[in-house]
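This report walks through how the chains of one model meet. Keep the structure open while reading.

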Amino acid sequence: MSEGVPFWENWPIWWEAMLVALLAGAGLAYLGVWVVLKRVVYVPLALSQVAAVGVVVAFLIEEAAGLTGDSGWHCLCEPSWIALLFAVASAFYFARTEAGGERATGVAYLVCSALVLTLGAFVRRDLHDISGVLFGQAVLAQLSQVVTTAAALLLVLGSHLLCHRRLLFAAHDPAAAGAAGLRVYRLEVLLYAGFALMLSVATRALGALPAFGLCVLPALAALRVARGMGQALALSTAFGLVSAGLGYYLSFAFELPAGASMVLVAGLLLAGASAFKK
Amino acid sequence: MALAPIAAALALLLAPAAAGAALRVVTTLPDFAELARELGGDRVQAEAMVRGSQDPHFVDAKPSFVLALNRADLLVSNGLGLEDGWLPALLRQARNPEVLPGGRGHLDASRAIQARDVPSAVDRSMGDVHAGGNPHYYTSPEALFQVARLLEEKLLELDPEDRAGYAARWRTFEATYRERSAAWRARLAPLQGMPVAVYHRSWDYLLDWAGLTSAGALEPKPGIPPSAAHVTRLLAETRGRGVRQVWQEVYHPTSLSKVFAEKAGARLLVLPSMVGALPGTDHLWTKFDRLVELVAGEPNGP
Amino acid sequence: MSRTLLELERVILGYRTPLLGPISLRVEQGDFWGIAGPNGAGKTTLVKTLLGVLPPHRGERRVAEPRPRFAYVPQRHHVQPDFPLRVLDVVLLGRTDRLGLGRGPGPADRRVAAEQLERLGMQASIGRPFATLSSGQQQRVLLARALTAEPDVLVLDEPTEGLDLQGEADILAFLRSLHREGRLTTLMVGHRLGEVVNVADHLCLVNHLTGLFECGPLAEMLTEERLSAVYGQPVEIDRCAERVNVHLREPGP
């Protein structure tokens, strides 16, 4: 424990950050199982670029319309909301049958990166302004971030609870699911939209590394040891919770970067799961 | 990312020296370019490589910079290791011995000031600490005035033909500085002794000049991301000391400072550390006008 | 009187670019259609269009009212292999469209799934991970999933691909009995013409490379001229008892 900084006594300072990490960790790890099984683990990278385009577009609108923080219209053009909108809207692209794979991810990443730089030349602000909107830190959080993360998690889990079997059938065998009358494209949109929502909210709260890490590593660990889909989802969620919670505690205790600590704990869980399987 | 810097780079690359300009001056920081324009008038064509909104520790080297350095009569650098990550490579490629360190056309502006926080020894455990001391003296009006004196001497040395013109411009500059500096101090006087928390230790020279005190930095060590424990400790300290303001540059992330300020019951101020860092700070005087206005705006805090 | 379950009228197949057509085809209740053609001839595209998974490039696909229930057994490699699903989980997916939102399978669904697994001789593997099964076993599980849906139309895409001789014979015998006993309308793509013509009563010959599409009752379709035209090589048909053998004609002396 850090000298003079007891962990539990300082809970009023860190509780929001811990809660945000736990909620985001659980949501990302749950969705991570789908992401890993569908073999689209690089979609988060593309999504962050799509969101960055949203931020640049918001900046452009602000400047073109002369919107300021005082005007009511400014709220509608809030860059973080536009970024979220762009990320969620990209679900329609990623959900296309042939589009979910590596090629689509690569195309989205490259085109959006180029768009950010090209459109960015027309706004007065810098790249760090875009990063400032998109990427958070896992050290401290506000109550509003707890509420936003919890709302995103509830939306994702709620929609999945309703459509679990349909999502599973469509992901496992899209052609057979389509033949059985399921709306496969809509289900894919639901999956990617939930993913984009949770990832955007988590990235804004925790930062890019922990969001990506908590999405992939707990799911990989769970899939090493799980014997069924339900077990995989439950274990991955539990691993996400442990990675986020223990990672935050260790970062506090040993003065380590919070996001990186969470990813390292998730990595250790994966190593443990691999050893357990052997 | 506005088009202005692109245009500036193109001008730097293509334009011949302005009619009548005797010296081509290239500076690392925009504040030094402003000083050169103030002191050199139309005898000087000055361009900066760093934009006010960029982190001067990390600048992407561009071919246009190499060409500008190749043609330059004078390079003004900040020194104290601030540009160590990118300037030496550019100088090697520029093939202009005049502007190399020690050359007649190289001015290390840090020679004008007394550096703060000079470490007795440096190792990696101290983070991105600079062996020569804290390099962010350009946030202080007084330090920039001292740099101006040094620059005036260097310009006269390189362009002695217009001695009278330089002298006249210096008088104007000094008078303006005295007048503005007094106004800024007067504006900040009610805040004397006020403790301020910062993100990166870029503001120590300014705090000294303004008579304010540092309550600590969010970065535990220069360039090292804040940890939860460090921030908690700092928060406890700042609450005890009644910190009302948290300062940071435009190029550092505000996500943590914002929450920190909220929890500390303080106000986060994103201040222009260099000329052009914020809209309306395109001149040396307007940079400090805006800075002082932001700091002194609400002396009693949120 | 037989009922028309599915009809294609002057349909041009293809996802973004036209592949084959215009073609017309009518599937009556109780038919067993074989779909044959060389590799890459457009057979899977035709099947997906029939199923409604792939919209026609042009033309009209009509389905009877009330809509018949379709079940599809894809080529095995089209199924995502990494999912941690047990055999019963996979088979129960066949009941998905019968379950309401947020509802899981009940005892009746499990009973149907168990019955189909038993019919296919997979009862003992009910708790095994799907991914650890052999090719033949996986094929039977996918067939069980399709039958668990209690479909009106069963569609199979190369169900014997990659199976050994015994596995192939078992699957074909099962499909034949399924059709004879239950009059289940079946559409089967076969990569080997010989297997298709011995189970189907109607035949579609497809080759988009030559623009050829012909379909009709097996007796009409099964001529050496037609088959030679589809495969672009001289084909010979031997009839031995009730079995039809199709092979390339050996070059003369």
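A polar contact is a pair of N or O atoms within 3.5 Å; within protein, one must be able to donate a hydrogen and the other to accept it, and residues adjacent in sequence count only if both atoms are side-chain atoms. By that rule, chain B and chain A have 6 residue pairs in polar contact, both residues at pLDDT 80 or more.

The model is predicted: local features need pLDDT of at least 70, side-chain atom pairs count only at pLDDT 80 or more, and totals for chains, interfaces and linings use all residues. Residues are numbered from 1 along each chain as its sequence is written, chains are lettered from A and ligands numbered from 1 in the order in which they are written, and side-chain values use heavy atoms, with hydrogens and water left out.

## Chains A and C on their own

Helices (H or I, at least four residues) and strands (E, at least two) are DSSP runs, numbered from the N terminus. Chain A has 13 helices and 0 strands. Chain C has 8 helices and 11 strands.

The radius of gyration is taken over C-alpha atoms, and the globule rule is 2.2 Å times the number of residues to the power 0.38. For chain C the radius is 19 Å, close to the 18 Å that the rule gives for 253 residues, so chain C is as compact as a globular protein of that length. Chain A, with 278 residues, has 19 Å, which agrees with the value near 19 Å for a compact globule. Along the principal axes, the C-alpha atoms of chain A fill a box of roughly 65 × 60 × 30 Å. The box for chain C is roughly 60 × 40 × 40 Å.

## Which chains touch

Contact means heavy atoms within 4.5 Å. There are 2 pairs of chains in contact, and chains A and C share the most contacts. Chain B and chain C have no contact; their closest C-alpha atoms lie 38 Å apart.

Buried area is the accessible area (1.4 Å probe) that two parts lose on being put together, summed over both. A salt bridge is a side-chain nitrogen of Lys or Arg within 4 Å of a carboxyl oxygen of Asp or Glu. The table gives one such pair for each interface.

| Interface | Salt bridge | Closest N to O |
|---|---|---|
| Chain A and chain C | Arg39(A) and Asp82(C) | 2.8 Å |
| Chain B and chain A | Lys263(B) and Glu16(A) | 2.7 Å |
| Domain 1 and domain 2 of chain B | Arg116(B) and Asp204(B) | 3.6 Å |

## Chain A against chain C

Here 26 residues of chain A are in contact with 33 residues of chain C. The two chains bury about 2600 Å², with 60% from carbon and sulfur atoms. On the chain A side, Arg165(A), His172(A) and Ala179(A) lose the most area to chain C, together 29% of what that side buries.

The interface has 2 salt bridges. It also has 5 residue pairs in polar contact, both at pLDDT 80 or more. Three helices of chain A, α8 (143–172), α9 (174–179) and α12 (229–253), each supply at least two residues of the side that touches chain C. The largest share, 9 residues, comes from α8(A).

For composition, Ala, Val, Leu, Ile, Met, Phe, Trp, Tyr, Cys and Pro count as nonpolar, Asp, Glu, Lys and Arg as charged, and the others, Gly among them, as polar. The chain A side divides into 16 nonpolar, 3 polar and 7 charged residues.

## Chain B against chain A

The area buried between chain B and chain A is about 2300 Å², and carbon and sulfur atoms give 62% of it. The count of salt bridges is 2. On the side of chain B that touches chain A, α1 (3–14), α8 (228–241) and α9 (254–264) of chain B give two or more residues. Of these, α8(B) gives the largest share, 8 residues. That side divides into 14 nonpolar, 5 polar and 5 charged residues.

## Inside chain B

Domain bounds come from an automatic or database domain assignment. For chain B it gives domain 1 (14–181) and domain 2 (192–270). Their contact takes 27 residues from domain 1 and 16 residues from domain 2. The two domains of chain B bury about 1500 Å² between them, 58% of it on carbon and sulfur atoms. Arg116(B), His136(B) and Thr139(B) supply 32% of the area that domain 1 buries against domain 2, more than any other three residues. Arg116(B) is also the partner of Asp204(B) in a salt bridge.
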